[in-house]
Amino acid sequence: MRLGSVSFGGPIASIALFQNAVCEKNKWLAANEFQEIYTLCKIFPGPVATEIAIAIGRKLSGRWIGGIISGLCFILPSWIMVILLGYAYIRGGSGSTTDAKLSFFLKGLQIGALTVIAASLVNMAKPHWQSALFWGVGIVAALATFFHPTYEPVFIILLGVLGVIYSRQKIFRLSAFGFTLLPLKTLFLTCFKSGAFVFGTGLAIVPVLESDFVQKYHWVTHAQFMDALAVGQLTPGPVTITATFLGLITQGLPGAFVATLGIYLPAFVYALLLLPLLASWIRRSSWVQPFYAWVTPAVIGGIAASGVALSQSMISNPFETIWLIGMLSIQLWKKPPTWLIIPGSGAGLFLVSLLKHYL
């Protein structure tokens with residue numbers, strides 16, 4: 001629940017916070033165990049960060065109830081925030097006007113998220129600094145993901161398969177705010193489809209939701225959908241909480257519950273039922289070591305590519321670049337609590353905006 005309350009910045013930032021909490025701070029999982037969970041969750045469709053939260057809870061407790069509690073606690077903080085913001089949005093009649101000072105706070109949150117991602121990459125890559133194979137596979141995965149982010153899970157699996165082939169055959173060498181009266185069943189199925197069949201991070205689900213809510217069913221306008229996406233980005237936790245906001249403004253509180261159930265139910269099924277079976281089968285296979293030898297740098301390369309893409313969209317001037325470098329330096333050398341970095345960055349940039357205004 002604590003991580004769900006402070007994991008601003010989307011799924012990659014959430015995953016970085018998980019890695020820091022369970023591997024580095026509390027030593028609950030070894031790095032290779034966390035990377036195994038991350039890789040397997042990437043194979044399944046649906047919101048990856050939520051699936052990782054569920055899978056970690058199940059693994060640490062050894063029971064399904066641990067996974068259910070972990071997943072629900074990760075979702076709950078952002079769900080509450082979205083419901084409150086949604087009602088404010090409905091009453092206010094508009095959610096698209098953002099105060100200039102608030103925009104500084106949001107920008108600070110985004111930069112803080114980038115520093116968490118960057119520091120997590122450094123920690124994940126440390127054991128492999130001397131491996132030419134690691135750097136080769138990681139760079140290939142980063143470039144492929146950067147130019148074609150939708151296919152990141154495919155790249156990870158293909159590189160793992162190539163690792164198996166390489167180890168066995170040596171083929172090559174690499175050193176509106178009136179509620180629409182839509183049926184709740186349709187709302188549930190629409191969100192369930194997005195959560196069950198779309199691969200990639202939670203951000204990959206957004207275009208599918210936009211296609212259904214705006215273009216196919218005309219439940220909301222494009223401007224309203226973008227407001228919903230902004231709320232999903234503003235709150236911590238999974239970005240797919242956007243679906244809750246959409247359910248709320250189209251069908252009220254029942255719609256919020258139904259949309260939440262639809263978007264996250266597949267993640268619980270995958271993480272609690274299918275992931276343990278797949279992990280058990282993989283561990284019994286002789287090709288598991290070469291597979292993970294290539295998958296590990298592929299995963300890290302994919303995260304690096306996502307971080308670069310995020311930085312290109314977030315950083316727009318030299319001051320923000322300096323702020324990012326400063327926050328990253330603080331995190332790497334002073335090592336404050338990771339959960340404090342993102343809100344601390346937002347608060348710091350907000351204070352700078354106040355000083356700029358009054359001075």
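With which residue does Glu33 form a salt bridge? In this predicted model, the partner of Glu33 is Lys59, and the closest N and O atoms of the pair are 4.0 Å apart. Glu33 belongs to helix 3 and Lys59 to helix 4, which covers residues 48-61. The two residues are 26 residues apart, and the pair links distant parts of the chain. Glu33 is partly exposed, with a relative accessible area of 28%. Lys59 is also partly exposed, at 35% relative accessibility.

The structure holds 2 salt bridges. Besides the pair just described, the side chains of Asp212 and Lys193 meet in a salt bridge, with an N to O distance of 2.7 Å. Asp212 lies in helix 10 and Lys193 in helix 9 (residues 184-197), so this pair ties together parts that are 19 residues apart in sequence. Asp212 has a relative accessible area of 4% and is therefore buried, the cut-off being under 20%. Lys193, at 33% relative accessibility, counts as partly exposed.

The overall composition is helical: the protein has 15 helices and 0 strands. Of its 359 residues, 51% count as buried. The exposed area of the protein is about 16500 Å², of which carbon and sulfur atoms supply 70%.

Helix 3, which contains Glu33, runs over residues 31-43 and has 13 residues. From its first C-alpha to its last, helix 3 reaches 19 Å, close to the 18 Å expected at 1.5 Å a residue. The buried residues of this helix are Phe34, Gln35, Glu36, Ile37, Tyr38, Thr39, Leu40, Cys41 and Lys42. The loop between helix 2 (11-25) and helix 3 contains Lys27. Lys27 has a positive phi of about 55 degrees although it is not a glycine. With a relative accessibility of 61%, Lys27 counts as exposed, because the value is over 50%.

A positive phi is also found at His218, again about 55 degrees and again in a residue that is not a glycine. His218 is located in the loop between helix 10 (202-216) and helix 11 (222-234). The relative accessibility of His218 is 60%, and the residue counts as exposed.

In soluble globular proteins, nonpolar side chains tend to be buried together. In the present model, the largest nonpolar core has 85 residues. The members that touch the most other members are Phe18, Phe34, Ile52, Ile56 and Phe213. Helix 12 (residues 242-283) gives the most to this core, with 18 residues. Phe34 is one of the buried residues of helix 3. When neighbours within four places in sequence are left aside, Phe34 is in contact with Ile15, Phe18, Gln19, Val22, Cys23, Ile52 and Ile56.

A second, separate core has 7 residues, among them Ala141, Ile156, Trp294 and Ala298. Ala141 is found in helix 7, which spans residues 132-147. This alanine is buried, with a relative accessible area of 1%. Not counting residues up to four places away in sequence, Ala141 touches Leu159, Pro297, Ala298, Gly301 and Gly302. Ala141 and Glu152 are 11 residues apart in sequence, while their C-alpha atoms are 8.0 Å apart in space.

Nonpolar residues also occur at the surface. A nonpolar surface patch of about 960 Å² is made by Trp64, Ile65, Ile68, Ile69, Leu72, Leu261, Leu265, Val269, Leu273, Leu274 and Leu277. Helix 5 (64-92) and helix 12 each supply at least two residues of this patch. The largest share, 6 residues, comes from helix 12. Helix 12 is also the element that gives the most to the largest nonpolar core. Leu72, one of the patch residues, has its place in helix 5. The relative accessible area of Leu72 is 49%, so this leucine is partly exposed.

Methods:
Residues numbered from 1 in each chain as written. Predicted model: local features only at pLDDT ≥ 70, side-chain atom pairs only at ≥ 80, totals over all residues. Heavy atoms only, no water. Helix = DSSP H or I, 4+ residues; strand = E, 2+ residues; numbered from the N terminus. Expected span 1.5 Å × (residues − 1). Buried < 20%, exposed > 50% of the residue type's maximum accessible area, 1.4 Å probe, protein only. Areas by Shrake-Rupley, 256 points an atom, 1.4 Å probe, with all protein chains shown as cover. Core = buried A, V, L, I, M, F, W, Y, C linked by side-chain atoms within 4.5 Å. Contact = heavy atoms within 4.5 Å. Patch = residues over 30% accessible without salt bridge, like charges linked within 9 Å, V, L, I, M, F, W, Y side chains within 5 Å.
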